[in-house]
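Please open the structure in a viewer and keep the selection panel at hand. The tour below proceeds from one selection to the next.

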Amino acid sequence: MTKRSEKIRVLLTGAGGHIGRNAVDLLLAKENVFDVRVFDLDTPKNREYFDRYKGKIEVYFGDITSPDDLILPVTGVDAVIHMASVIPPVASDHPELVDSVNVGGTKNLVTAMESYAPDAFLMFASSVAVYGDRFLNPFINVTDPVNPVSDDHYGAGKVLMEETVMNSKLQWTIFRLSAIMGAGNHVMSGLMFRMPLEQLFEICTPRDTARAFVEGVTKVEQLTGKIFNLGGGPRCTTTYRTFLENNFRIYGLGAFDFPLHAFATQNYHCGYFEDGDDLEDIVHFRRDTLADYYRQLRKSIPSVQRIATQLTAKLVKSYLLHLSKPYQAVKENDEEALKFYFREH
């Protein structure tokens, strides 16, 4: 790390994502502490966003799957917050991107850092997905074994990414993220039917998640060589059924009236981080509660959109049900799929 008299030069990969954007704002709020670099794909959306910060941040466009694209961004940095990843549902639909972007990209980043920023501190965003199905034992600790669900290429990829980070020559820390829920950062898809309705799970908002990483940049000694579970804590914990019921009401979709067999009862991830206070005690990142999430979501939906959704709610829910693989398995009496999706069959 740099001397105390100098600013800390931080590189943020995946800076155009929801957590990344929050991290940019938080880093810039401490401009007397940090010099900010960002790295992401060269897209119109990212260009429009980063243009807002001209003169305040160093922007590097590139592809993390291309090793040469990472040389300039990492050269001379003191810390790297590594957020760049393909996430579900894209990761579920295109597992080859998990291999090239998530796993391969992380290897490229570590190699570049070892050569051009060997003393830098690497902070890696992993996932609760590495723990696999925890429905029967939802209370999770970092000492628990990693065991991604068999069809979860995203979770398996995170395990490989963690191994790359841990086996590197760098100073590193890993934060395993809970379900990150914020206004606009998730779309309803067939994946919504994979989690059991009675699953206990914990969320964290994108801005609190970003705050954990930003505050962690200055806590190298307490974090180096350690893995932490990152979640919003008890005030961000609920059951999946209650979470969906509230979301449907806020969006204007009305009653949560899907058939029970539309939802799987096993083979998905999520749970409650029993040791989540370990990270909170070091970086003090928690501000938002589950109520704050619902409030932010409600505020983000224009009244016109909510009215339109109310008028088409039946069609929307019919379409969503059509995307449910557990429901399809029941309709088709697919014995193999039924055994995979349902605990008691």
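In which loop does Leu136 lie? Select Leu136 in this predicted model: the residue sits in the loop between strand 5 (121-127) and strand 6 (139-140). Leu136 has a relative accessible area of 68%, and because the cut-off for an exposed residue is over 50%, Leu136 counts as exposed. Add Val80 to the selection, which is 56 residues from Leu136 along the chain. The C-alpha atoms of Leu136 and Val80 are separated by 36 Å.

**The cis peptide bond**

Select Pro88 and Pro89 next. A cis peptide bond joins Pro88 and Pro89, with omega at about 5 degrees. Pro89 belongs to the loop between strand 4 (79-82) and helix 4. Most peptide bonds are trans.

**The second largest pocket**

Select Ser92, Asp93, Leu191, Arg194 and Lys325. Among the 21 residues that line the second largest pocket, these five lie nearest its centre. Helix 4 (90-93), helix 6 (153-166) and helix 13 (325-332) are the elements that each give two or more residues to this lining. Which helix gives the most? Helix 4 does, with three residues. The space in the second largest pocket comes to about 460 Å³. To see the character of the lining, colour its residues by type: 11 are nonpolar, five are polar and five are charged.

**After helix 13**

Select Asn333, found in the loop between helix 13 and helix 14 (335-341). Phi of Asn333 is near 50 degrees, a positive value in a residue other than glycine. Is Asn333 buried or exposed? Asn333 counts as exposed, at 53% relative accessibility.

**Helix 9 and the loop that follows**

Select residues 240-251, which form helix 9. Helix 9 has 12 residues and reaches 16 Å from its first C-alpha to its last, close to the 16 Å expected at 1.5 Å a residue. Display the side chains of Tyr240, Phe243, Leu244, Asn246, Asn247, Phe248 and Ile250, which are buried in helix 9. Then show what covers these buried residues, including strand 9 (200-204), strand 11 (237-239), helix 11 (290-300) and helix 12 (303-322).

Move on to Gly252, which follows helix 9 and has a positive phi, near 95 degrees. Next, select Cys270, in the loop between helix 9 and strand 12 (272-273). Cys270 also has a positive phi, near 115 degrees, in a residue other than glycine. Most residues other than glycine have a negative phi. With a relative accessible area of 5%, Cys270 is buried.

**The nonpolar cores**

Where do nonpolar side chains tend to be found? In soluble globular proteins, they tend to be buried together. Select Phe175, Phe213, Leu223, Leu230 and Leu279: of the 39 residues in the largest nonpolar core, these touch the most other members. Helix 1 (residues 18-28) gives the most to this core, with five residues.

Centre the view on Leu279. Leaving aside residues up to four places away in sequence, Leu279 touches Phe175, Ala212, Leu223, Phe228, Asn229, Leu230, His284 and Phe285. Finally, select Val128, Ala179, Phe243 and Phe273, which are among the 36 residues of a second, separate core. Phe243 was met earlier as one of the buried residues of helix 9.

Conventions
Residues numbered from 1 in each chain as written. Predicted model: local features only at pLDDT ≥ 70, side-chain atom pairs only at ≥ 80, totals over all residues. Heavy atoms only, no water. 1 Å grid on protein atoms, 1.4 Å probe; cavity = no way out; pocket = protein on both sides within 12 Å on 5 of 7 lines; lining within 4 Å. Points joined across faces, edges and corners; volume = space filled by probe spheres on them. Helix = DSSP H or I, 4+ residues; strand = E, 2+ residues; numbered from the N terminus. Nonpolar A, V, L, I, M, F, W, Y, C, P; charged D, E, K, R; others polar. Expected span 1.5 Å × (residues − 1). Buried < 20%, exposed > 50% of the residue type's maximum accessible area, 1.4 Å probe, protein only. Contact = heavy atoms within 4.5 Å. Core = buried A, V, L, I, M, F, W, Y, C linked by side-chain atoms within 4.5 Å.
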